[in-house]
Amino acid sequence: MEKSRKEKYIGRRMPRRDALVKAQGRAKYTADYRTADMLWGKAVFSGMAHARILRVDAAKAEALPGVVCVMTAKDLPAAKKYGIFCADKPVIAENMILYEGDPIAFIAAETKEIAEEAAALIEAEYEALPVVEDPREALRDDVPPIHENHPVTGNAKVMAEVTLDRGDVDAAFAEADIILEDDFETPQIEHVYLEPDCCIARWVDDTDVLEIVAPQQAVYSTLRALAPVFGLPESRVRFISPYVGGGFGGKEDSCCDLAVIAGLLAMKTRRKVYSEFTAEEVFRYTGKRHGSYVHHRMAATKDGRVIGLDIDIILDKGAYQSMSGLTGGPHAVAQRTVLYAAGPYSVENVRIRSRAVFTNHPYGAAMRGFGAPQIHFAGESQMNELAHRLNMDPVAIRKLNMITPERPTSFGQVLTEENGLGLEECMDKVKAELDKPFMPKHPVRPSQRRGMGLAAYIYGTGMPYKSEGAMCVVHVNRDASVEVGISTTEMGQGAQTVMAQIAAEALGVPVETVNVPLPDTFLSPDSGPTVASRSTTFVGNAILDACRKLLAGFTEAVAHGVGCSPEEVTYAKGVFAAPDGQEIPLRRAIYMAATQAIPQSAVGIWYPPVDIGFGPKGGNSMHTYSFGCQGIDLLLDVETGEIELLRSVLACDIGHALNPQLVEGQMEGGAVMGLGYALTEGVEYKKGVVSNDSMKDYVILGFKDLPQMTSIIVEAANCMGPFGAKGVGEPPLVATAPAVREAIRNASDGVKLNRIPFTPERVITGIYKAKEGGQTS
Amino acid sequence: MKKFSLMRPQTLEEALTILRDAPDVLPLNGGTDLMVDVNEGKLISPRFMYIGGLPELKKIEVRDGTLCFGGAVTYTELGACPDISAFPCIGQALSNLASPPIRNMGTPAGNMGTASPAGDFNLILLALGAEADLVSAAGMRTVPLSEFYLGVGKTVREKSELIAEIRIPLVKGQHSAFVKLGRRRGQDISRVSSAVSYLLDEGRIRDPRIAIGAVNAVPFRSGTFEEIVSGKTPDEAEAALEGAFPAEANPRRAYKRYVVTPMVRRAIREAQAQEGDWQWS
């Protein structure tokens with residue numbers, strides 16, 4: 001990417017426009033919109049992970065003074081189930097409890113205290129059923145299926161199965177010099193967004209509209225999923241998402257879990273209803289990153305070429321579909337584990353199968369990385385093992401295998417320099433940075449050993465569906481200020497800021513005059529969900545399209561006004577220049593447009609100009625891919641298993657950094673999240689019931705644990721992205737865990753740990769097992 | 001329902017009378033354990049008596065060669081007392097003990113009362129040879145920390161008693177250290193911890209106290225380890241303990257067996273460089 005860009009706002013470090021109001025406490029989140037007249041809406045749960053419901057009796061709860069209404073399954077007005085991809089999650093459980101988060105009743109009461117008292121008065125009887133926690137066990141013939149009558153899969157145990165079968169895998173393994181075979185495990189983890197889920201719903205009586213305010217990542221997905229539950233057309237349900245206190249993929253689904261409670265109670269009572277989950281309830285009831293069990297076989301030549309992969313992936317689906325994917329599409333998380341199974345490498349012979357299997361755990365949801373962290377843990381660990389086996393440099397072996405214009409992806413997509421291929425630069429820069437001398441500032445204990453490691457990743461921008469595209473409306477006011485209508489959520493990533501930069505750049509107006517309102521289905525067009533590292537690229541392109549259309553209209557208006565052809569009019573820095581030397585400021589041009597029936601609003605749209613289609617034999621999946629490399633430098637105490645992080649060096653090829661400050665924020669946040677995944681995080685269960693349901697027991701890293709962090713931005717421009725951009729939201733955490741594994745391996749003379757998180761307990765146990773000559777895991 | 005009742009006596013005498021007459025009343029002394037129990041539904045409708053405001057229990061002073069602090073003194077208050085420089089392990093523990101809000105509320109005496117096997121400060125008091133005064137309406141008795149704990153959540157304290165004062169002997173030339181193994185630094189429960197104190201007599205360890213936490217049901221001192229290290233230099237002691245295992249330890253989880261001795265050795269090593277600093281007269 002040439003560095004002498006002429007853009008005024010693009011590529012500039014601009015502070016987030018929501019930073020000041022958030023720092024000052026003026027930014028309003030959903031719970032800040034509570035009012036005194038609201039009812040308290042509460043869902044009642046069984047406390048069990050798998051049970052048949054024999055009886056639910058709400059009579060005593062209903063009789064409690066202050067209780068306005070109690071709903072059980074028989075009181076539901078319309079659809080009884082919901083879901084983003086398919087309606088399989090009961091609004092209120094009628095017959096079966098399939099995980100701890102299946103509610104048995106909703107209560108609306110005058111106060112929180114009354115609602116809680118009423119919840120204790122709900123009488124229910126259950127027949128406890130055996131809890132299925134491990135998807136591998138779930139597949140056993142002697143274990144009954146979780147679902148007896150799933151709307152899509154019936155009584156099947158597998159929700160989604162996605163395969164990729166290319167080349168001749170058996171021949172590749174037959175002629176391989178080296179075959180590496182191993183198993184890898186990753187746990188379900190919680191998003192740990194700081195704002196617990198909550199929702200305010202009210203029935204707007206004068207327009208017969210149900211209005212729902214809640215933190216959401218995808219207002220239109222929520223709308224489509226829930227309008228049937230309310231029995232209303234989508235045009236009469238209004239979803240608003242104020243500032244969101246973190247989502248990380250979780251608030252695609254969890255907002256639905258809250259909105260059905262408050263929404264139905266508001267419809268029934270015709271009162272405003274507030275409902276919330278405590279932080280503990282978020283841990284127990286909302287979706288999790290899919291746990292994974294990967295059996296990985298890699299065939300390679302003695303010079304380091306990977307010639308075959310045979311991989312079987314089992315995902316812990318939890319109880320409901322959410323984002324696992326549907327067999328036949330959309331394939332979602334199961335598919336991404338297949339797409340990224342070969343990593344950023346070109347492997348001709350692949351046989352990959354991924355199955356999302358039902359269990360009695362919380363539903364496997366979207367979470368930052370969407371399947372990529374799980375499969376990269378296995379794949380990049382194997383790549384490092386191959387380098388050890390051949391005594392090759394980890395970067396050299398990756399360069400030998402990486403995707404190039406001549407060497408397509410494992411699913412057959414050809415990527416050229418125009419798509420942006422920055423992996424090599426990322427790896428070189430990480431290695432150079434790790435090679436710099438660095439000494440810890442404190443004395444190192446004799447039992448502490450130093451280790452470094454790295455891993456690489458590939459991650460697509462957007463979703464691999466034909467329906468994946470974005471729409472927006474850009475409106476220019478008479479004073480030339482601009483409104484950008486999009487449904488992109490502001491959840492801390494800086495969407496409002498970068499979208500304003502794009503619109504200001506394209507229209508040649510001051511960035512301060514561009515307003516990017518927060519999502520509201522009554523006012524914002526559907527620019528798609530705020531997921532999949534897609535917003536800057538997809539929505540940004542749609543904004544550019546709208547701006548081009550607006551300027552074309554204004555140019556036409558000016559040309560007509562001064563009596564020349566539009567081609568003779570030029571536009572720069574807010575001023576139109578006519579061939580006769582006249583200069584017409586944008587404001588004047590807008591007025592001219594208004595007098596000539598030329599619109600001051602434009603719909604912008606962008607779909608990637610690539611034939612997207614993924615089948616068992618492959619196909620194009622995303623229009624571009626982000627690449628990157630994570631380096632880790634740590635100290636391992638070989639007597640206690642404690643890990644002290646020294647350095648995290650992360651290089652991300654993000655096409656072009658439209659706002660490097662925001663990019664670095666994503667990179668640092670992603671690396672920290674990845675380090676937590678590698679070292680401490682994991683949902684724990686007792687009989688399917690979450691046992692570490694608080695910030696005290698579910699350990700995420702704190703500032704004292706963090707290493708020195710270096711974020712290196714690499715820019716291999718995406719010719720289809722706005723100003724060359726690709727996605728950066730999710731990729732930074734994809735390769736962290738395998739890099740940590742490799743650093744531990746190098747610090748411990750070869751201890752192989754294949755199960756995250758690497759807690760001191762797991763690490764020291766692995767070290768002792770290796771000492772005793774046993775297989776580590 | 002997360003409801004509880006709260007009494008707030010104004011004097012120690014009043015508090016002891018309440019405890020004498022109503023043995024079900026629980027002294028609330030920081031609440032960093034008890035309020036968690038209320039929130040988790042383990043304590044149903046308890047009757048609490050808040051003792052944090054009792055002036056008799058808020059004193060910190062040096063008396064008769066000991067650092068004395070009242071049963072309602074918080075971690076923050078203790079941390080602000082210059083005399084704790086005599087005990088380097090206390091500073092080490094306080095900097096990583098929970099978080100500032102918890103240290104503002106929590107008290108050493110309160111954590112002694114709830115007797116968590118993983119309580120960091122319980123271990124430190126043990127390693128420093130502390131003793132505590134238990135008072136009731138009937139009188140007062142003094143108990144050394146080594147005899148205070150009976151089991152998880154169980155102590156020798158009678159329901160009618162309050163911990164009035166904790167005393168730590170000020171010993172010139174005492175070295176001490178506290179180390180813990182957690183999943184992250186700070187704000188995490190100890191998986192294994194150790195606190196040690198000793199004197200160095202011409203470079204050799206004298207009067208060692210080696211305390212180990214989060215391994216048995218109660219924090220304990222390892223007499224066998226203390227015997228091994230006595231008379232050795234810290235380097236020799238570390239070497240002598242390599243591969244050893246404290247006979248008193250009875251870990252339920254296998255990995256604790258691996259890490260107990262390394263943690264003790266680390267504490268011994270760190271203590272070598274950490275001599276108490278105090279205005280000895």
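Is Gln321(A) buried or exposed? In this predicted model, Gln321(A) has a relative accessibility of 0% and therefore counts as buried, the limit for that class being under 20%. The residue sits in the loop of chain A that runs from strand E17 (306-318) to helix H9 (332-339). Apart from neighbours within four places in sequence, the contacts of Gln321(A) are Phe85(A), Cys86(A), Asp88(A), Met159(A), Leu326(A), Phe358(A) and Gly364(A). The loop between E17 and H9 of chain A also holds Pro330(A), which is joined to Gly329(A) by a cis peptide bond with omega of about -5°.

Chain A as a whole contains 18 helices and 32 strands. Its radius of gyration is 27 Å, close to the 28 Å given by the globule rule for 777 residues, so chain A is as compact as a globular protein of that length. Along the principal axes, the C-alpha atoms of chain A fill a box of roughly 85 × 70 × 55 Å. Of the 777 residues in chain A, 64% are buried. Among contacts in chain A with a separation of 6 or more, 80% are between residues 24 or more positions apart. The exposed area of chain A is about 27500 Å², of which carbon and sulfur atoms supply 51%. Chain A carries 79 positive and 99 negative charges, and the mean positions of the two sets are 2 Å apart.

In soluble globular proteins, nonpolar side chains tend to be buried together. The largest nonpolar core in the model comprises 202 residues. Those with the most contacts inside this core are Phe106(A), Leu226(A), Phe230(A), Leu386(A) and Ile268(B). Helix H7 (residues 254-269) of chain A provides the largest share of the core, with eleven residues. For Phe230(A), contacts other than neighbours within four places in sequence include Ala259(A), Val260(A), Gly263(A), Leu264(A) and Met267(A). Phe230(A) is also in contact with Ala78(A), Leu210(A), Ile212(A), Val237(A) and Phe239(A). A second core, separate from the largest, has 52 residues, among them Met14(A), Val476(A), Ile486(A) and Ala546(A).

In chain B, Arg221(B) belongs to strand E14 (residues 220-221). Its relative accessible area is 31%, and Arg221(B) is therefore classed as partly exposed. Leaving aside neighbours within four places in sequence, Arg221(B) is in contact with Leu126(B), Pro208(B), Arg209(B), Ile210(B), Ala211(B), Glu226(B) and Glu248(B). The C-alpha atoms of Arg221(B) and Leu123(B) are 8.8 Å apart, although 98 residues separate the two in sequence.

Further backbone features occur in loops of chain A. The peptide bond from Ile756(A) to Pro757(A) is cis, with omega near 0°; Pro757(A) lies between helix H17 (736-747) and helix H18 (760-771). Positive phi values occur at two residues other than glycine, Phe248(A), at about 55°, and Lys573(A), near 50°. Phe248(A) is placed in the loop between strand E13 (237-240) and H7, and is partly exposed at 29% relative accessibility. Lys573(A) occupies the loop between strand E24 (570-572) and strand E25 (575-577). With a relative accessible area of 80%, Lys573(A) is exposed.

Conventions. Residues numbered from 1 in each chain as written. Chains lettered and ligands numbered in written order. Heavy atoms only, no water. Helix = DSSP H or I, 4+ residues; strand = E, 2+ residues; numbered from the N terminus. Rg over C-alpha atoms; globule rule 2.2 N^0.38 Å. Buried < 20%, exposed > 50% of the residue type's maximum accessible area, 1.4 Å probe, protein only. Contact = heavy atoms within 4.5 Å. Areas by Shrake-Rupley, 256 points an atom, 1.4 Å probe, with all protein chains shown as cover. Lys, Arg positive; Asp, Glu negative; His and termini not counted. Charge placed at Lys NZ, Arg CZ, Asp CG, Glu CD. Core = buried A, V, L, I, M, F, W, Y, C linked by side-chain atoms within 4.5 Å.
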